[in-house]
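Trainee: I would like a close look at a single part of this model, taken slowly and with its surroundings included. Could you choose one element, go through it residue by residue where that helps, and then follow its contacts outwards?

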Amino acid sequence: MIACRVCGAPLGAPAYEAAGPSMTSIMTLIEGPMQVFVCEGCGHAQSPDLPDIRAFYDTGYRISLASEDHDQIFAVGADGQPIYRTAHQAGIALRLLDPPQGARVLDYGAAKATTLRTMMRSRPDLKPAVFDVSTDYAAAWEGWVAVEDRATYEAPLCWTGRFDTVMSHFVLEHVAEPVPFLKEIWRLLKPEGRVLISVPDAVANPGDMMVADHLNHFSAASLARALEVAGFRMEACDATAFPGAFFVTARKSAGVVPTAGDAAEAARAARAACGFWGGAAERLAAAARRLSGQTCAIYGAGFYGAWIASRVAQHVTLSGFLDQNPNLAGSTLFERPVMPPADLPADVTAVFIGLNPKKARAIIAQVPALQRDGLERVWLDD
Ligand SMILES: [Zn+2]
């Protein structure tokens, strides 16, 4: 029997299930089927543990480690310019955390802690601290985080009650036991200290449901439940500042006020997202059979594009990936080149659109190279 990672309720049959391999958030393939379960009790969705979760994050998970300048693009602004994740995230964190002058700020699950470092450009008074479950990032902390304010694998006992604020960006979705994780943050905070948690919103950004190492797919309701169980008083859940993600703030409080999200509605939305992916997998398989032997490209070198590649590459000739992120131009994904959209090869007859299906049509309408006569566009949603 599988139990909900948030409320402990027993879970029934999976809402989504597909044969392996499954795709991780860093676009590597792992063995084993992909399953998503939905909890009717708290509105949480979850996938099974990875085969070796500790080794994966200790030595296998090296996001953004290769280049100091590499930054993830998460949107394209109205002016057509890419919007980068770190600067946007830092701005939201400063606004929502509102740290007091000279505050001790811990980045929990920090990786290179680029968000915290960016925050300090406008708030040099902040005292930074970092924690991660890997030593891979130590060099990135050198020179701006004091030695006593760095920890790996385990946060020391002397950190109990040390921090005014703790933030944890896009970590909780990876965690097998989210409530103990939040309780540990509770321990590290001063009384009435504030925590900021960011996680993907798998209903707003449905590809998240298919990410094998995202063991948790939170709803506003299940986030509220997890924080409450860990002893926090939830303050706000912002679902708009960072499209496709929740940024939630809560205080370490003695008198926890029960919070009530609409768990039944959250569970319904999670099931609908799972159903979408079952349909998308069937549509892709049909398109790949129909386009068999033709030269195709994939628009989007992120998770959606990689997921499509894993499903169609054995049927069609993939010439490469198109992506607007200038940092990705010249790189490769699954041994195929990543090109600016304007470099779409002339012999490509069809382009699979690997973007968030809720935004894909509006984005593609702004890409002149994809309006070419006779070019077929294959969408995830129809
Ligand atoms: Zn639950």
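Mentor: What follows is a close reading of helix 2 and its partner helix 3, and then of some other sites in the chain.

The model is a predicted one, and local features are discussed where pLDDT is at least 70. Helix 2 covers residues 85-97, which makes 13 residues, and from its first C-alpha to its last it reaches 18 Å, close to the 18 Å expected at 1.5 Å a residue. The buried residues of this helix are Thr86, Gln89, Ala90, Ile92, Ala93, Leu94, Leu96 and Leu97. A general point helps in reading such a list: an α-helix has 3.6 residues a turn, so residues three or four places apart point the same way. Thr86, Ala90, Ala93 and Leu97 are among the buried positions, and the list also holds Gln89, Ile92 and Leu96.

As for what these side chains meet, the buried residues of helix 2 pack against strand 7 (82-84), helix 3 (114-122), strand 11, strand 12 (189-200), strand 14 and strand 15. Just after helix 2 the backbone takes a marked turn of phi, for Asp98 has a positive value of about 45 degrees.

Helix 3 is one of those packing partners, and the approach to it deserves a pause. In the loop between strand 8 (104-108) and helix 3 sits Ala113, whose phi is positive, at about 60 degrees, although the residue is not a glycine. Ala113 is also buried, because its relative accessible area is 1%, a value under the 20% that marks a buried residue.

Within helix 3 itself, Thr115, Leu116, Thr118, Met119 and Met120 are buried, and the buried residues of this helix pack against helix 2, strand 8, strand 9 (127-132) and strand 11. Met120, which lies in helix 3, counts as buried at 17% relative accessibility. Its C-alpha atom and that of Leu94 are separated by 9.6 Å, although the two residues are 26 apart along the chain; Leu94 belongs to the buried residues of helix 2. Once its neighbours within four places in sequence are left aside, Met120 is in contact with Leu126, Pro128 and Trp144.

Strand 11 packs with the buried residues of helix 2 and also with those of helix 3, and the loops on either side of this strand can be read next. In the loop between strand 10 (150-152) and strand 11 lies Tyr153, a residue other than glycine with a positive phi near 70 degrees. Tyr153 is partly exposed, with a relative accessible area of 44%. Thr160 has its place in the loop between strand 10 and strand 11 as well, and is partly exposed at a relative accessible area of 43%. Beyond its neighbours within four places in sequence, Thr160 is in contact with Arg187 and Leu188, while its C-alpha lies 60 Å from that of Ser292, a residue 132 places away in sequence.

On the other side of the strand, aromatic packing comes into the picture, since a search of the whole structure finds 9 aromatic pairs. In one of them the rings of Phe170 and Phe242 have their centres 5.4 Å apart and their planes at 50 degrees, so the pair is tilted. Phe170 lies in the loop between strand 11 (163-169) and helix 5 (178-188), and Phe242 in the loop between strand 14 (232-238) and strand 15 (245-252), so the pair ties together parts that are 72 residues apart in sequence. Both Phe170 and Phe242 are buried. Strand 14 and strand 15 are also among the elements against which the buried residues of helix 2 pack.

Two further rings carry a charge over them: the charged end of Lys252 sits over the ring of Trp186, 4.2 Å from its centre, and the charged end of Arg361 sits over the ring of Trp379, 4.3 Å from its centre. Elsewhere, Phe276, Trp277, Tyr304 and Trp307 form one aromatic cluster.

Last comes the metal site, where the zinc ion is coordinated by the SG atoms of Cys4, Cys7, Cys39 and Cys42 at 2.3 to 2.4 Å. The angles among the 4 donor atoms are 100 to 116 degrees, and the site is tetrahedral. Along the chain the donors follow the spacing C-x2-C-x31-C-x2-C. Cys4 is buried, with a relative accessible area of 5%, whereas Cys7 counts as partly exposed at 25% relative accessibility.

Note on methods
Residues are numbered from 1 along each chain as its sequence is written. This is a predicted model: local features need pLDDT of at least 70, side-chain atom pairs count only at pLDDT 80 or more; totals for chains, interfaces and linings use all residues. Side-chain values use heavy atoms; hydrogens and water are left out. Donors are N, O and S atoms within 2.8 Å of the metal (3.2 Å for Na, K and Ca); water is not among the atoms, so sites may look incomplete. Four donors count as tetrahedral if all angles lie between 85 and 135 degrees; four count as square planar and six as octahedral if opposite donors are over 155 degrees apart and all others between 65 and 115; anything else is irregular. Buried means under 20% relative accessible area, exposed over 50%, partly exposed in between (1.4 Å probe, protein chains only). Rings of Phe, Tyr and Trp (its six-membered ring) pair if their centres lie within 6.5 Å; planes under 30 degrees apart count as stacked, over 60 as edge-to-face and the rest as tilted. Helices (H or I, at least four residues) and strands (E, at least two) are DSSP runs, numbered from the N terminus. A charge sits over a ring if NZ of Lys or CZ of Arg is within 6 Å of the ring centre and within 35 degrees of the ring normal. The expected span of a helix is 1.5 Å times one less than its number of residues. Contact means heavy atoms within 4.5 Å.
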